[in-house]
Amino acid sequence: MPEKLNQEDDAKLKKGVCPKCGSTHFVEGPSGGEATNIACEQGHRFWFAPPFTSEYQGTIRVEREGDMLKAWF
Ligand SMILES: [Zn+2]
């Protein structure tokens, strides 16, 4: 179940910091309209559509490939 972030966590994510683990490395996934799915390097997946409140969508598989992140959304 997607879970809306609280205001503090949402603000963190909008500054580019994962509110679940503090990572600042993200990979972009499928997007629709103004919304994008993003995941941090630890696999925390979010629905991201500023200025709307972001949603946490659980974890997915993310692997590092050199300097790039590869994610299975
Ligand atoms: Zn994270």
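**Exercise 1. Determine how many residues of strand β7 are buried.**

Solution. Strand β7 covers residues 68-72. Strands here are DSSP runs of E with at least two residues, and helices are runs of H or I with at least four, both numbered from the N terminus. A residue is buried if 20 or more other C-beta atoms lie within 10 Å of its own, with C-beta atoms placed from the backbone. Among the five residues of β7, the count of buried residues is zero. The strand is hardly covered.

The model is predicted: local features need pLDDT of at least 70, side-chain atom pairs count only at pLDDT 80 or more, and totals for chains, interfaces and linings use all residues. Residues are numbered from 1 along each chain as its sequence is written.

**Exercise 2. Find how β6 and β7 pair, and describe the turn.**

Solution. Two strands pair if DSSP finds at least two bridges between them. Strand β6 (residues 61-65) and β7 have five bridges, in the antiparallel sense. Arg61 has Trp72 of β7 as its bridge partner. The two strands form a hairpin with two residues between them. Gly66 sits in the turn, with a positive phi of about 65°.

**Exercise 3. Place the hairpin in the whole chain, then judge its compactness.**

Solution. The protein chain has one helix and seven strands. Their order from the N terminus is β-α-β-β-β-β-β-β. The radius of gyration is 11 Å, close to the 11 Å of the globule rule for 73 residues, so the chain is as compact as a globular protein of that length. The radius is taken over C-alpha atoms, and the rule is 2.2 Å times the number of residues to the power 0.38. Buried residues make up 26% of the 73 residues.

Conventions. A residue is buried if 20 or more other C-beta atoms lie within 10 Å of its own, exposed if 12 or fewer, and partly exposed in between; C-beta atoms are placed from the backbone.
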